[in-house]
Amino acid sequence: MTLLGLLLIPLAAAGLIALTRRRALTELLHILAALATLATGAAIIAQVWNGAVLTAAGDLFRVDALSALMVAIVTFLGAIASLYAVGYIRAELDDAHLSRVRLFFMLFHLFIFTMLVAVTTDNLGVMWIAVEGTTLATVFLVNLRHTRTSLEAAYKYLILSSVGIALAFIGTALVYYAGAAKAGEIAVNWSALRAAAGALNPEVVRLAFVFIVIGYGTKAGLAPMHTWLPDAHSEAPAPISALMSGVLLNVGLYAMMRFKAVTDAAVGEEFAARILIGMGLLSLLVAAIFLVRQRNYKRMLAYSSVEHIGIICLGLGFGGYWGVFGALLHVVNHALAKSLLFILSGNILLKYHSAEIHEVRGLLHAAPWTGALFLAGMFALIGLPPFAPFISEFIIFRAGLEIYPWAAATGVILLVIVFGGMLASVNQMLYGEPPVELPRVDALRFWLVPLGANFALLLVLGLTLPSPFIAALEQVLKILGV
Amino acid sequence: MSAEVLSKAVNLLSFVALGLTILLIVRTRLEGQVRVFALQSLVLALLAEMIALYSGSLELLAVGVALVVVKGVMIPRVLNRAVAIIGLERVAAPYLATAPALIICGILTIIAFYVMTPIAASNPLPTADAIPLAFAGVLVGFFIMVNRRRAVTQILGFLMLENGIFLLALLATYGVPFIVEMGVFLDVLVAVLIMEVFVYRIKDNFDSIDVGAMGKLKE
């Protein structure tokens, strides 16, 4: 019941918001829906982490610990971004653009809905439909500002993601064929496939996994299929950038993890590991190239997402208890840090009216709260202690040095380059003389309060790993067959 | 219908479907290209109905009907409307001329056979022989998307690619489950409607539907 509620709340909210006429009512519905989604998500997570596996609508929906981890990320960061979105959209679109305001909040909840379906369904075909749905729900959000650059970004995003995801469908159909041929009449259900994985035709599974990595890797922003990502993530309004970078990329990763578990059981771990390590390193390389002397701070954050998705893939590829544990932990840490920073980038944009790094000067002076939080978030993102990403990166590369020393060492070198490039960019933004006409005040100061939650979690996870959280991640490891 | 007859008919129709994808490259007028796509969708629907009769699957029968409605009628209408509204720019403007493009199609078909023949050989279904042809259609559709500058032709390339994937799933497994197939149709329909809106927006903003006119976003 709660599971169906989790899916119906954002769907109903999107429908109701489309009917509203007054802005206050639109915003009220939006906030209520986001908080209700969060509460329902929390109820589900509590049940699953106590050992239950929830199902609904026959065998269509099934929430295990891995799904619950994703539900936690989607609903929590969805709520944080939704609170900020109210203030941000007030600043961006006045009452003359009410229809676009409505469109924004409606698509916001459709976006949440499609992500929740993708991570809670057991049916791999429905998961595919929902992941394609995330693209369709967000494409107008990327183009919300009706500028030429956002139009170009949205079109590129729509075409490349649709093609990528179409290739993932070939992979899904091949896995379905491999399963149907061996296990008799089965649906395209992950749990059934996972159980029958040992008997699947290895040749078909290998080919399927290649299509899956290309397809869902496009959604996850893995190089070389990442080319839409910096455009779309930098052109979208800040709360949507936060969700696309912090959450949606993880949905692509989630799909890959599900298929990897089946592939590992069918053909052994080395096959998927090599692919993921190769693409992870390539993603790090691409990010390093574009992060040195990057001129636009939103694009800088977007390329950093390519980098972090690469790190997570390295962790998954290194494998073993620590590699995968680190990867899962890094999924959470990157989601927290990146959504924090993208929301702050919206605040910087409102203050300076430019996304160019060289036009942002003296941020710490001109907008002290935004500046201080941005600096702290940046420290977290580039992996400085005491913040949590430091721990997860350390775990991943330590695991890698034991099994794949060359790959891990290359990764560390690229990480250092990224570190230097991003630090130099942030340095330019924070200090120096702000343009004289700027008053010394933060934009949307009170709307930043919810970000305290991201910040607190980044610190808590960095200083101590609470044992219930470790237990939850260990449940996920078991599902992934580690 | 015996397995042997079905196998021959499926081979023939899959070959026709691939031929129509390649025909899209030769056709330069957008209306003609839309007709080619509609015709290919009807060929696929015929194939689906034949396999449905052979395997006695009511679900697949319904999928075939939905295919005619969505890809044979609705989507071609949407595209024709877009072509009519855009007006002047009806020539498809490829990057590569027809002759080299056809050579690339040949190479892609060979690659498709190389990749998919082992998969087809391990598949016991009488339809499996045509799997490489379906995959060739996917690759050629992808190539059309890359090679054409016009947004409308890119959409057609995407649809041909989708058709290729539908055919691939149909031949390998007699189609994925009904609910999945319907969801996919819905996704494709919504995607085409959104793409149509973008064609208009690109036309308004850049005074052209040449996607090469866009290129501001770099680094």
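His353(A) is exposed, because 8 other C-beta atoms lie within 10 Å; a residue counts as exposed with 12 or fewer other C-beta atoms within 10 Å of its own, as buried with 20 or more, and as partly exposed in between, the C-beta atoms being placed from the backbone. This residue is in the loop between α13 (320-352) and α14 (363-366) of chain A, where helices (H or I, at least four residues) and strands (E, at least two) are DSSP runs numbered from the N terminus. His353(A) has a positive phi of about 55° although it is not a glycine.

The model is a predicted one, in which local features need pLDDT of at least 70 and side-chain atom pairs count only at pLDDT 80 or more, while totals for chains, interfaces and linings use all residues. Residues are numbered from 1 along each chain as its sequence is written, and chains are lettered from A and ligands numbered from 1 in the order in which they are written. The model scores ipTM 0.91 and pTM 0.94. For chain B the mean pLDDT, the predictor's confidence in each residue from 0 to 100, is 87, and 93% of the residues of chain B reach 70 or more.

Arg293(A) also has a positive phi without being a glycine, and two peptide bonds of chain A are listed with it and His353(A) in the table.

| Item | Angle | Place in chain A |
|---|---|---|
| Arg293(A) | phi about 65° | loop between α11 (269-291) and α12 (297-318) |
| His353(A) | phi about 55° | loop between α13 (320-352) and α14 (363-366) |
| Ala223(A) to Pro224(A), cis | omega near 5° | Pro224(A) in the loop between α8 and α9 (229-235) |
| Pro385(A) to Pro386(A), cis | omega near 10° | Pro386(A) in the loop between α15 (368-381) and α16 (388-403) |

Chain A is divided into domain 1 (1-122), domain 2 (124-267) and domain 3 (274-482), with bounds that come from an automatic or database domain assignment. The centres of domain 1 and domain 3 of chain A, taken over C-alpha atoms, are 25 Å apart. Their contact, in which two residues count if their C-beta atoms, placed from the backbone, lie within 7 Å, takes 14 residues from domain 1 and 18 residues from domain 3 of chain A. On the domain 1 side, helix α3 (residues 65-92) of chain A gives the largest share, 12 residues.

Between the chains, 36 residues of chain A are in contact with 32 residues of chain B. The elements that give two or more residues to the chain A side are α5 (124-142), α6 (148-183) and α8 (202-220), and the largest share, 19 residues, comes from α6(A).

The largest nonpolar core has 277 residues, of which Leu174(A), Ile131(B) and Leu168(B) touch the most other members; such a core is a set of buried Ala, Val, Leu, Ile, Met, Phe, Trp, Tyr and Cys residues joined through C-beta atoms within 7 Å. Its largest share, 22 residues, comes from α6(A). Apart from neighbours within four places in sequence, Leu168(B) is in contact with residues including Ile170(A), Ala173(A) and Ile131(B).

Chain B has 7 helices and 0 strands. Its radius of gyration, taken over C-alpha atoms, is 18 Å, close to the 17 Å that the globule rule gives for 219 residues, so chain B is as compact as a globular protein of that length; the rule is 2.2 Å times the number of residues to the power 0.38. Buried residues make up 48% of the 219 residues in chain B.
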